[in-house]
Amino acid sequence: MKKIVLTGGGTAGHVTPNIALIPELKKQGYEIHYIGSRNGIECKLMEDLNITYYGISSGKLRRYIDLKNLSDPFKVVKGLHEARQLLKKIKPDVVFSKGGFVSVPVVLAAKSRKIPCVIHESDITPGLANKICIPCAQRVCTNFPETMQHIPSDKAVLTGSPIREELFHGDRGSGLSFCGFDQNKPVILVIGGSLGSVAINNAVRKLLPELLKKFQVIHLCGKDKTEPSLNGTTGYVQYEYIKEELPNLLAAADIVISRAGANAICEILALRKPNILIPLSAQASRGDQILNAASFEKAGYSIVLQEDAITEENLLEAVRNAYDNREQYIKAMKRSQLNNSIEKIVGLINEVANRRR
């Protein structure tokens, strides 16, 4: 039996694409193992899927001054040793990395064991972890055409992001029923990320009386960020987080307001949902969401509003634009090259694994 080690962690964005690949990898006959951090989100997610999981030491690599910069390099070195021992034990044919700092020792260990690696870069410009890993990889999968210029041409492949199959099987009627909504009134789905966006939440709530004249609103507002005073508002529901019902809520949505994380917007693209993107500001990130959103806007997939420039007026105008011109945005998304991502990525995995075998 072929064996593969998946790695990546720290945030859901570094794990959910791996989860999307698992059913197809099983169909292809792979025995799947996962190496992640000891206490990361990936541990619980893999346990829920009955995937053999190994935790290793991991440390964050920072570009800024922090006392942990003195201790974390030792954690990385320890993680490298642990990963080498695990790979010696598992003897995989290939490693697939979705990024995050826990992936660095795994990819470096694979190179030292002469095990081929395929890695995936979600954002337009590679993050620090993937910058370290790219020289060790046989193939580098990308979400955006613009990313290709940052990666050696003999390694870069435009694949898009693997999308969980269940997202394509949502039922609009079930989503509307879950929310207690009218079947004949359009729906806005607001997604502010798992931690929630204060800026998006505040802007939507201020505009709610105007939005509810024409739309119904599903608001995924993040942990501890619901507003009790709005409970029971006709045409409006709010949830901290949704898991099982997410495919149905996406199916119910006519337009989506979202952050611009790479995985989230690739899911929106795959589902052909007209959307308004509000990227995380450069002050709160390395600016990758701003670049992601700009790429989607240029391709005609999205309307973009910058977080520090949101007003009730421009958000309402964007909502009306996205809804009134929704067919135009859907047509643009249908022309996207970022389709069949799972098939493309598993094909690359097979290519490098079979070459080694």
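Which residues lie nearest the centre of the second largest pocket? In this predicted model, Ile163, Glu165, Phe168, Ser341 and Ile342 hold that position, among the 16 residues that line the second largest pocket. The space in this pocket comes to about 280 Å³. Two helices, α1 (16–27) and α13 (341–356), each supply at least two residues of its lining, and α1 makes the largest share with 4 residues. By chemical class, the lining of the second largest pocket is made up of 7 nonpolar, 4 polar and 5 charged residues.

**The parallel sheet**

An open sheet of 6 strands runs through the model in the order β10-β9-β8-β11-β12-β13, and its pairing is parallel. The edges are formed by β10 (236–239) and β13 (302–304), each of which pairs on one side only. From one strand to the next, the twist averages 15 degrees. Strands of a sheet pair through backbone hydrogen bonds, which may join them in the parallel or the antiparallel sense.

Two of the pairings in this sheet can be followed residue by residue. Strand β8, residues 187–191, pairs with strand β9, residues 216–220, in the parallel sense over 5 bridges, and within this pairing Val187 has Gln216 of β9 as its bridge partner. On to the edge, β9 and β10 pair in the parallel sense over 4 bridges, with Ile218 matched to Val237 of β10.

In a regular strand the side chains alternate between the two faces of the sheet. In β10, Tyr236 and Gln238 point one way, whereas Val237 and Tyr239 point the other way, and all of these residues are buried. Val237 thus appears in two roles, as the bridge partner of Ile218 and as one of the buried residues of this edge strand.

**Positive phi in two loops**

Two residues other than glycine have a positive phi, and each is placed in a loop that leads to a strand of the sheet; the table sets out their values.

| Residue | Phi | Loop | Relative accessibility |
|---|---|---|---|
| Asp224 | near 60 degrees | between β9 and β10 | 60%, exposed |
| Arg272 | near 60 degrees | between α9 (262–270) and β12 (275–277) | 21%, partly exposed |

Asp224 therefore counts as exposed, because its relative accessibility of 60% is over the 50% cut-off. Arg272, at 21%, counts as partly exposed, because the buried class requires a value under 20%.

**Cysteines without a disulfide**

How many disulfides does a search of the whole structure find? The search finds 0 disulfides. Cys179 takes part in none, and the nearest cysteine sulfur to its own, that of Cys221, is 13 Å away. Seen from the other side, the cysteine sulfur closest to that of Cys221 is in Cys179, and because the separation is 13 Å, it is too far for a bond. A disulfide is a covalent bond between the sulfur atoms of two cysteines, and the cut-off applied here places the two sulfur atoms within 2.5 Å.

Are these cysteines buried or exposed? Cys179 has a relative accessibility of 8% and so counts as buried, and Cys221, with a relative accessible area of 0%, is buried as well.

Conventions. Residues are numbered from 1 along each chain as its sequence is written. This is a predicted model: local features need pLDDT of at least 70, side-chain atom pairs count only at pLDDT 80 or more; totals for chains, interfaces and linings use all residues. Side-chain values use heavy atoms; hydrogens and water are left out. Buried means under 20% relative accessible area, exposed over 50%, partly exposed in between (1.4 Å probe, protein chains only). On a 1 Å grid over the protein atoms alone, a cavity is a set of points where a 1.4 Å probe fits but cannot get out, and a pocket is an open set with protein on both sides within 12 Å along at least five of seven lines; lining residues have an atom within 4 Å of a point. Grid points are joined across faces, edges and corners, and a volume is the space filled by probe spheres set on the points. Ala, Val, Leu, Ile, Met, Phe, Trp, Tyr, Cys and Pro count as nonpolar, Asp, Glu, Lys and Arg as charged, and the others, Gly among them, as polar. Two strands pair if DSSP finds at least two bridges between them. Axes are lines fitted to C-alpha atoms, for helices over the stretch in contact, and angles run from 0 to 180 degrees between N-to-C directions.
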